[in-house]
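Trainee: I have the model open and would like to go through the inside of it before anything else. Can we take it topic by topic?

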Amino acid sequence: MKSSNLGYPRIGENREWKKALEAYWAGSLTESDFQEKMTEIRLANLQKQKDHGIEWIPVNDFTLYDQMLDTAVMFGLVPKRYSDYTGGKVPLSIYYSMARGNQNEVAAEMTKWFNTNYHYIVPEIENSQLKLLENKPLAAYREAKKQLGIEGKPVLIGPYTFIKLSKGYNKKDLPSIILRLLPLYKQILQELEQEGVQWIQIDEPILVTSLAKEEMKTITYLYEQLQLAAPSLHILLQTYFDRAEWYEELIKLPVQGIGLDFVYDNGRNLQSLKQFGFPKDKILGAGVIDGQNIWRADLPAKVDLLSTISRFVSKDNLWIQPSSSLLHVPVTTDNETLLTSEIKEAMSFADQKLQEISLLTKGLNEGINSVRLQFDAQQAALAKLANSETRNNFVVQEQAEAAQSRSYSRNLPFKERYQKQQAIFKLPLLPTTTIGSFPQTAKVKKARSHFKRNEWNASEYESFINEEIKNWIQIQEDIGLDVFVHGEFERTDMVEYFGERLGGFVFLKNGWVQSYGSRCVKPPVISGDVDFLEPMTVRESVYAQQLTDKPVKGMLTGPATILNWSFVRNDIPKKDVCYQLGLALQKEVIALESAGITMIQVDEPALREGLPLKVCDRQDYLDWAVSSFLITTATVQDTTQIHTHMCYCDFNSFMDVVSSLDADVISIETSRSHGELASVFEEKTYEKGIGLGVYDIHSPRVPSVEEMAKMIEKGIRVLDKNQFWVNPDCGLKTRGIPETIASLKNMVEAARKVRQQCENVTV
């Protein structure tokens, strides 16, 4: 058996990648110095994999922002609105304008990578001439071989996944797009073959989604052509995140290897393997180490799984690898100094997962006795955590079990309670608000650091937070917003903040993972049963409300989002954890309402991303995810207005689910999709309050009044103006103060302008 990896975290142990990127954007690193630093990080990542004994090391999994964006610019897919681009190799200025936008052009759309919290840049396929401008896989292969002596396995996003995740073409144009793109993929493979490359890893995660069987004919054609183009190059066709949809057809494709996920397949890839076998002339990349979660593997159980697999695949044709790229987990547990030994010894980050792959490979090749000590240590660590107090809170477990048998709903239908709410709030037509957070300045971060290092006491820190809240309440008054927020200056992260105040969570010191671009997050860890301890948001919300006559929203993160944006214990079903979260957050909602906060926003931006990739699995997930939200929110009075927020996902097929949450107002992203979501409402009726985000907070540009007014006008052409809210597309914590104020002033003016037009028409 051979050891293999599919991808490695690019950010570095101490986020060196992020820091270099932001230094370059700020102008404190020249382009040549920036590229030199990126090369240093890239080579260090490769060397680490080599040192861990990985035999097939991926190259070209590294990127300066995003792999989908890399693939797009490699083919010259630069949208025409970037008028500064005149052809040839895409310069970094255009590359980052596509990723982040600039003052003149909006960024490309960004959305979730399948069901993960990683965001990719959506390629825009236009009628421009496609051309291979640079062979990135080849350059990565040459670098690894020359600098480190590594016979790398170049990674390339597969043609069908790339096309299916792109936008800008009609379904009927798919064959012509394939014919335009296929020669470029052929050229890449031919140049790799000429270089003497042995294996290329072509990632086709689209193959685990609910594809129509007819699509496999197209995929077969694609790989027949690629094989003919480079007959001596070995292709590992890699899938991950779920089971392969059409296993029988997949194993017949003209490729030399197939990678399957044996962690997130719910046992169905193994079932297919038993039922249909596996070709004797192909390599099977067996994804048995969890590439998306941070718990140590049960190595004896993995040996049993691999032993079962080896009944159908000879050991010479078996590669042991993670279930997906390790991009989705932190780099190493070595720097985690805040955890108890009970927790830390049960964790496995990217480097530890490489060790697990090597241990399994050695144990199965040389005999289990050769790794007996390491196996026993893993087992002891897992048993210690399983028997711990944190995983055996029987009161919480019983409450969650009881909640699953109950039905939760608001007392009155939406229209009746909305009238009651409006009688109290007296909001104008097209009310303006923000999503929750305001800029987390260096001053805010420094204050938080003082408090965490015990340089400030609780009273000093609270005084600072109060001053920031007071300042931004006045700014909101000056701007003229209709519904305020307190700004969330006390929160490092919308999930971490709540995890720190609930039982059953632990936190990582350096457990960073990339979310998008240079944005790295440090997900909390749900290690045990989740329990409400004390009110978490009441003090700041009440203080803010005392400063203004305008309504101030209480701000919570919803149960499904906390679940999906955390590393979750894997010893019980996620459903059970989500119900525990819903019950804990219900107590916080009750505390807010009791304190006089009667607008409460429970954000669920990750509800959609937790949706299973298989259509047949989705209803079960939605049932318990929606129920958990209703557990949190449905106990409030009729006059308490529940808001929620979602972002960056395909809502076309999701509006019924959004409605079932029964929130009085939902705000959703549309800015990066250029208002395309508005077209959904031309066919579907949505009767509750809704805000379509009118500008992109991930871009530093300040949109004009006219630009946002057009977005509002487009929205109220398909939605009742009386239910329409005006807001940015997400929170503003990552933006600077001047651009935030300027953008919000323009947004309020745009709303006033359209409001006046509506009132004139009414008159």
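Trainee: Which residues have the most contacts inside the largest nonpolar core?

Mentor: Before the answer, note that this is a predicted model, in which local features need pLDDT of at least 70 and side-chain atom pairs count only at pLDDT 80 or more, while totals for chains, interfaces and linings use all residues. Residues are numbered from 1 along each chain as its sequence is written, and side-chain values use heavy atoms, with hydrogens and water left out. The residues with the most contacts inside the largest nonpolar core are Leu189, Ile309 and Met347, and that core has 141 residues. A nonpolar core is a set of buried Ala, Val, Leu, Ile, Met, Phe, Trp, Tyr and Cys residues joined through side-chain atoms within 4.5 Å, and buried means under 20% relative accessible area, with exposed over 50% and partly exposed in between (1.4 Å probe, protein chains only).

Trainee: And which helix gives the largest share of this core?

Mentor: Helix α7, residues 174-195, supplies 10 residues, the largest share; helices (H or I, at least four residues) and strands (E, at least two) are DSSP runs, numbered from the N terminus. There is also a second, separate core of 104 residues, and Val444, Ala544, Ala560 and Cys758 are among its members.

Trainee: Back to Ile309, what does it touch?

Mentor: Leaving out residues up to four places away in sequence, Ile309 touches Phe262, Leu270, Leu273, Leu284, Ala286 and Leu318, where contact means heavy atoms within 4.5 Å. Ile309 is one of the buried residues of α11, together with Leu299, Lys302, Val303, Leu305, Leu306 and Thr308.

Trainee: What covers those buried residues of α11?

Mentor: The cover includes α10 (268-276), β9 (283-289), β10, α13 (350-366) and α14. With α14 (residues 372-386), helix α11 (residues 299-309) packs at an angle of about 115°, the axes being 8 Å apart; axes are lines fitted to C-alpha atoms over the stretch in contact, and angles run from 0 to 180 degrees between N-to-C directions. Leu299, Pro300 and Val303 make the contact from α11, and Phe375, Gln378 and Gln379 make it from α14. By class that gives four nonpolar, two polar and no charged residues, with Ala, Val, Leu, Ile, Met, Phe, Trp, Tyr, Cys and Pro counted as nonpolar, Asp, Glu, Lys and Arg as charged, and the others, Gly among them, as polar.

Trainee: You mentioned α10, so which of its residues are buried?

Mentor: In α10 the buried residues are Arg268, Asn269, Leu270, Ser272 and Leu273, and what covers them includes α9 (247-250), β8 (257-261), α11 and α23 (615-633). Just after α10 comes Gly277, with a positive phi of about 75°.

Trainee: Where is there a positive phi in a residue that is not a glycine?

Mentor: Lys426 has one, at about 50°, and it sits in the loop between α16 (414-425) and α17 (442-452). Lys426 is exposed, because its relative accessible area is 63%. Asp662 is another non-glycine residue with a positive phi, near 60°, and its place is the loop between α24 (655-660) and β19 (665-668).

Trainee: Changing topic, how many cavities of 30 Å³ or more are there?

Mentor: The count is nine. On a 1 Å grid over the protein atoms alone, a cavity is a set of points where a 1.4 Å probe fits but cannot get out, and lining residues have an atom within 4 Å of a point; points are joined across faces, edges and corners, and a volume is the space filled by probe spheres set on them. The largest cavity holds about 560 Å³, and its lining has 35 residues, with Met494, Arg519, Trp565, Cys730 and Lys733 nearest its centre. That lining divides into 15 nonpolar, 12 polar and eight charged residues, and β15 contributes the largest share, three residues.

Trainee: What about the second largest cavity, which residues lie nearest its centre?

Mentor: Those are Gln67, Trp113, Tyr240, Ser325 and Leu327, out of 19 lining residues, and the space in the second largest cavity is about 200 Å³. Its lining has 10 nonpolar, five polar and four charged residues.

Trainee: Last one: is Ser324 buried or exposed?

Mentor: Ser324 counts as buried because its relative accessibility is 0%. Ser324 lies in the loop between β10 (318-322) and α12 (341-344) and, beyond residues up to four places away in sequence, touches Leu6, Tyr240, Phe241, Gly291 and Gln292.

Definitions and conventions: On a 1 Å grid over the protein atoms alone, a cavity is a set of points where a 1.4 Å probe fits but cannot get out, and a pocket is an open set with protein on both sides within 12 Å along at least five of seven lines; lining residues have an atom within 4 Å of a point.
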